Amino acid sequence: MPRVFLDLAVSVDGFIAAPDGGDGGLHDWYFAPDAAEDIKAELLSRIGAIVLGHTAFGTAPDGFDTEYHVPHFILTHTPRPSVQRGGASFHFVTEGLESALARARAAAGERDVCVAGGADVARQCLDAGLIDELQLHVAPVLLGGGLRLFGSAPRARLEHVRTVQSAHATHLTYRLGGH
């Protein structure tokens with residue numbers, strides 16, 4: 001059965017962005033020449049649709065370049081027509097999180113739905129019990145501040161699924177209790 005999973009890079013001290021809003025080295029695992037190709041290949045084959053918040057989407061009016069040539073559903077308060085770019089489609093959802101996830105599930109078919117950012121969308125999904133699995137790419141950096149991922153996450157029991165070590169991160173996968 002397809003799953004909804006949260007997939008984010010995070011610092012050892014729990015931040016998904018540096019104090020200046022930058023990456024702070026969190027995504028080196030993905031873009032470095034010696035990147036974790038097996039983890040990337042798994043993500044590319046597993047993901048059938050992606051859910052993002054409007055901040056994670058960014059400000060480009062025609063979307064962004066991505067290897068994930070799947071429908072992206074962007075949570076926003078501002079209606080916009082869908083756009084296509086480089087094999088990916090971007091659909092703007094103003095009806096809320098549940099609507100975005102329902103549309104993403106329908107589009108994904110037998111593949112999984114990835115919630116890929118940002119922190120507010122991740123927290124909303126966790127609070128509502130909508131995440132089946134967490135996949136965290138823990139970068140070996142201490143940012144000392146910035147955008148915290150789990151500031152007010154609900155208590156949950158996690159079941160360890162796997163740990164994969166790569167040159168620039170430790171990749172942790174957990175299933176949420178009851179899923």
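## A tour from the sheet outward

Start by selecting β3 and β4, which run parallel and are joined by four bridges. What you have open is a predicted model, so keep that in mind at each stop.

**Stop 1: around β4**

Within this pair, pick V51: its opposite number in β4 is F73. Now colour β4 by burial, and you will find the strand mostly covered, with four of its five residues buried. On to β6, residues 88-93, which pairs with β4 in the parallel sense over five bridges. To see one of those positions, select H72 together with F90, its bridge partner in β6.

**Stop 2: the whole sheet**

Zoom out and show every strand of the open sheet. There are nine, in the order β5-β6-β4-β3-β7-β1-β8-β11-β10, and the pairing is mixed. Look at the two edges, β5 (83-85) and β10 (158-166), each of which pairs on one side only. If you step across from strand to strand, the twist averages 25° each time.

At the β10 edge, select β11 as well: these two strands pair in the antiparallel sense, over eight bridges. A good place to look is T163, which stands opposite L172 in β11.

Next, bring up helix α2, residues 37-46. This helix lies across β1, β3, β7, β8, β10 and β11, and it runs at about 150° to β8.

**Stop 3: a buried aspartate**

Select D112, in strand β7. Is this residue buried or exposed? D112 counts as buried, at 10% relative accessibility. Show side chains here and you will see a polar contact of 2.5 Å between D112 and R46. Beyond its sequence neighbours up to four places away, D112 touches P2, R3, F5, R46, I47, G48 and A49.

**Stop 4: the nonpolar cores**

In soluble globular proteins, nonpolar side chains tend to be buried together. Here, the largest nonpolar core has 30 residues, and L6, V51, L101, V115, C125 and I131 are those with the most contacts inside it. You met V51 earlier, opposite F73. To find the elements that give two or more residues to this core, highlight β1 (4-11), β3 (47-53), β4 (71-75), α4 (97-108), β7 (112-115), α5 (119-127), β8 (133-139) and β11 (169-176).

For a close-up, centre on L101. Setting aside residues up to four places away in sequence, L101 touches V4, V51, V113, V115, C125 and L130. Apart from this core lies another, of 26 residues, including L52, A88, C114 and A169.

**Stop 5: two cysteines**

Select C114 and C125. How many disulfides does a search of the whole structure find? The search finds zero. The sulfur of C114 is too far for a bond, because the closest cysteine sulfur, in C125, is 10 Å away, while a disulfide needs the sulfur atoms within 2.5 Å. Seen from the other side, C125 is in no disulfide either, and its nearest cysteine sulfur is that of C114. Both cysteines are covered: C114 is buried with a relative accessible area of 2%, and C125 counts as buried at 0%.

**Stop 6: into and out of α5**

C125 leads you to α5, where the buried residues are A119, V121, A122, R123, C125 and L126. Most residues other than glycine have a negative phi, and most peptide bonds are trans. Check the backbone on either side of this helix with that in mind. G118 is in the loop between β7 and α5, and a cis peptide bond, with omega of about -5°, joins G117 and G118. Just after α5, G129 takes a positive phi of about 70°.

**Stop 7: two loops that meet**

Finish with G146, in the loop between β8 and β9 (147-148). At 43% relative accessibility, G146 counts as partly exposed. Which residues is G146 in contact with, leaving aside its neighbours within four places in sequence? They are F15, A17, A18 and P19. G146 and A18 are 128 residues apart along the chain, but 4.5 Å separates their C-alpha atoms.

Your last selection is G22, in the loop between β2 (15-17) and α1 (28-31). G22 counts as partly exposed, at 28% relative accessibility. Draw a distance from G22 to L147: these two are 125 residues apart in sequence and 9.9 Å apart in space, C-alpha to C-alpha.

Methods:
Residues numbered from 1 in each chain as written. Predicted model: local features only at pLDDT ≥ 70, side-chain atom pairs only at ≥ 80, totals over all residues. Heavy atoms only, no water. Buried < 20%, exposed > 50% of the residue type's maximum accessible area, 1.4 Å probe, protein only. Core = buried A, V, L, I, M, F, W, Y, C linked by side-chain atoms within 4.5 Å. Contact = heavy atoms within 4.5 Å. Polar contact = N/O pair within 3.5 Å; in protein donor to acceptor, adjacent residues only side chain to side chain. Pairing = 2+ DSSP bridges. Axes fitted to C-alpha atoms, helices over the stretch in contact; angles between N-to-C directions.
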